[in-house]
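User: Could you take a close look at one part of this protein for me, the salt bridges, and then walk me outward from there into the surrounding strands, helices and core?

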Amino acid sequence: MSIAAHMAAHTAAHTSVLAALPEADEAAKAKVATRGMLLGKAVHGLLVCTGLWLLIWLLMALAQTADAANTGRTSLSLLQVLRLSLSAFPPYILFSWVLFLHAWRRPQQWASPEKQIRVFMVSMSLFALVWLSYFWLLELLREGALPDAWWALVLRNRWYSLFYDLVLAGGAFSVQAFVVSKANAQAREAARQRERSDHLRLRLLLLQGQLEPHFLFNALNSISALVRAADRGMALTALTRVSELLRYALRASKTEWVSVQDELNFMRDYLQLQSLRYGESLSVQWQIDEAAWERAACPPLMFQPLVENAIHHGLEACDGEGFVALSLRPDGDGLRLTLRNPVGAETPRQRGHGLGLSATRERLQLLYGDAARLLTRQEAGSFTTELILPWRELPE
């Protein structure tokens with residue numbers, strides 16, 4: 001290898017090492033932060049366990065002092081009881097803290113009553129062993145020498161006290177099991193809510209995905225009709241309208257809510273496109289009441305399928321002559337959009353089960369529940385569609 005090639009290779013290796021240093025540094029920082037977080041939570045758990053058992057220690061000392069006073073044994077003061085009983089609580093603090101750490105680091109072993117019973121049996125056995133060893137050690141420290149026999153000491157002094165302390169330890173375990181069970185139940189409920197929310201969001205996307213190609217097909221069909229009629233000027237104007245409609249549809253598809261004013265503008269543009277196609281055969285009547293429509297929230301592409309349905313049944317099903325009458329007004333705590341179109345004498349009674357109306361109904365149920373309604377009715381010579389939405393402020 002030449003000197004130049006060797007230097008180039010050395011430089012490249014050095015550069016790669018330098019490039020890797022920031023990544024390694026970030027990984028080390030993340031590892032230290034994780035350890036710090038784990039240590040902080042462990043210390044927090046220890047402080048909580050210590051505080052709770054000190055509170056129990058104080059309450060038990062007060063109860064013993066009151067009992068001594070009631071029975072005439074007034075020589076025991078509260079400070080004396082606290083001093084004499086303080087040494088009994090370190091095993092409880094350690095036991096509760098170990099349970100906390102185990103439930104935190106091994107939550108799957110607390111996931112069912114059967115597993116909790118298994119943890120209970122093991123933990124109580126270990127607690128009894130630690131408890132007996134602890135008091136054996138205290139006896140050693142007090143006497144200054146080893147007792148004659150450890151098991152003899154246990155048999156002589158500790159069975160009743162051990163039973164009493166096991167009851168307290170069992171209570172500590174029950175509290176920990178209750179906390180873990182409640183946390184598990186909340187986690188399962190949160191998971192169900194997330195799953196349900198994801199399912200609803202996916203369903204809404206699928207419904208909206210059905211409407212967008214449907215709208216595009218009808219828009220292109222309008223242009224196709226103008227091209228077949230050899231009206232190039234109208235076709236170019238229609239292409240401009242379609243581009244504006246598509247721009248709005250793409251923008252609206254990226255958000256969950258748009259303003260009612262945006263939907264109104266989109267509906268006007270769509271009707272203008274259809275007017276280019278049908279000319280004087282399509283008559284549009286508007287009645288929009290004054291309101292803060294720019295602040296009212298509405299799902300995207302909510303109005304257009306209703307207009308499309310009105311045009312289809314009010315024009316194409318009536319020998320190419322018809323009208324669409326639209327009105328929008330506040331309605332109590334909501335808003336009401338009404339569309340009316342004629343129907344031919346031979347047209348079968350419409351039930352509103354086309355793609356636009358059925359998809360709109362399902363979207364309303366997913367988004368609003370029973371708070372929103374889509375009503376249809378057929379009267380003599382006309383078909384009316386009413387969309388009733390609760391008023392909702394547009395998110396910032």
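Analyst: Happy to. Let's begin with one pair: the side chains of Glu379 and Arg377 meet in a salt bridge, with N and O 3.2 Å apart. Bear in mind throughout that this is a predicted model. How open to the surroundings are the two partners? Glu379 has a relative accessible area of 43%, so it is partly exposed. Arg377, at 36%, is partly exposed too.

This pair belongs to something wider. Arg377 and Glu379 are linked with Arg329, Asp331, Arg336 and Glu386 in a network of salt bridges. Within that network, Arg336 and Asp331 also meet through their side chains, at 3.0 Å from N to O. Here the two partners fall into separate classes. Arg336 counts as buried because its relative accessibility is 14%, under the 20% limit. Asp331 has a relative accessible area of 25%, so it is partly exposed.

In total, the structure holds 6 salt bridges. Another of them joins Glu393 to Arg295, where the closest N and O atoms are 3.9 Å apart. That pair ties together distant parts of the chain, 98 residues apart: Glu393 lies in the segment after E7, and Arg295 in the loop between E2 and E3. Glu393 is partly exposed, as its relative accessibility is 45%. Arg295 is also partly exposed, at 46%.

Now to the strands. Strand E4 covers residues 322–331, and strand E5 covers residues 334–342. E4 and E5 run antiparallel and are joined by 7 bridges. One example is Ser327, whose bridge partner in E5 is Thr338. The hairpin made by E4 and E5 has 2 residues between the strands, and Gly332 takes a positive phi there, near 65°. E4 also pairs with strand E2, residues 282–288, through 7 bridges, and these two strands run parallel. On that side, Gln285 has Ala325 in E4 as its bridge partner. As a general point, side chains in a regular strand alternate between the two faces of the sheet.

Moving on to the helices, H8 spans residues 260–278. Does its length fit, or not fit, what a helix of 19 residues should have? At 1.5 Å a residue it should span 27 Å, and the end C-alpha atoms are 26 Å apart, which agrees. The buried residues of H8 are Val260, Glu263, Leu264, Phe266, Met267, Tyr270, Leu271, Leu273, Gln274, Leu276 and Tyr278. For reading that list, it helps that an α-helix has 3.6 residues a turn, so residues three or four places apart point the same way. After H8 comes Gly279, which has a positive phi near 65°.

What does H8 give to the interior? The largest nonpolar core has 42 residues, and among them Val260, Ile311 and Leu387 touch the most other members. The elements giving two or more residues to this core are helices H7 (232–252), H8, H9 (304–316) and H10 (355–368), along with strands E3 (297–298), E4, E5 and E7 (382–390). H8 supplies the largest share, 9 residues. There is also a second, separate core of 24 residues, which includes Ala61, Trp110, Met124 and Ala177. More broadly, nonpolar side chains in soluble globular proteins tend to be buried together.

One polar residue deserves a stop on this tour. Asn309 sits in helix H9. Asn309 is buried because its relative accessible area, 12%, is under the 20% limit. Setting aside neighbours within four places in sequence, Asn309 is in contact with Leu357 and Phe383.

Elsewhere in the chain, helix H3 (residues 90–105) has 16 residues and reaches 22 Å from its first C-alpha to its last, close to the 22 Å expected at 1.5 Å a residue. Its buried residues are Pro91, Tyr92, Ile93, Phe95, Ser96, Leu99, Phe100 and Ala103.

Finally, a word on cysteines, in case you were wondering about crosslinks. The structure holds 0 disulfides. Cys49 is buried, with a relative accessible area of 10%. Cys298 is buried as well, at 0%.

To return to your starting point, Glu379 and Arg377 form one salt bridge, and both residues belong to a network that also takes in Arg329, Asp331, Arg336 and Glu386.

Note on methods:
Residues numbered from 1 in each chain as written. Predicted model: local features only at pLDDT ≥ 70, side-chain atom pairs only at ≥ 80, totals over all residues. Heavy atoms only, no water. Helix = DSSP H or I, 4+ residues; strand = E, 2+ residues; numbered from the N terminus. Expected span 1.5 Å × (residues − 1). Buried < 20%, exposed > 50% of the residue type's maximum accessible area, 1.4 Å probe, protein only. Pairing = 2+ DSSP bridges. Core = buried A, V, L, I, M, F, W, Y, C linked by side-chain atoms within 4.5 Å. Salt bridge = Lys/Arg side-chain N within 4 Å of Asp/Glu carboxyl O. Contact = heavy atoms within 4.5 Å. Disulfide = S-S within 2.5 Å.
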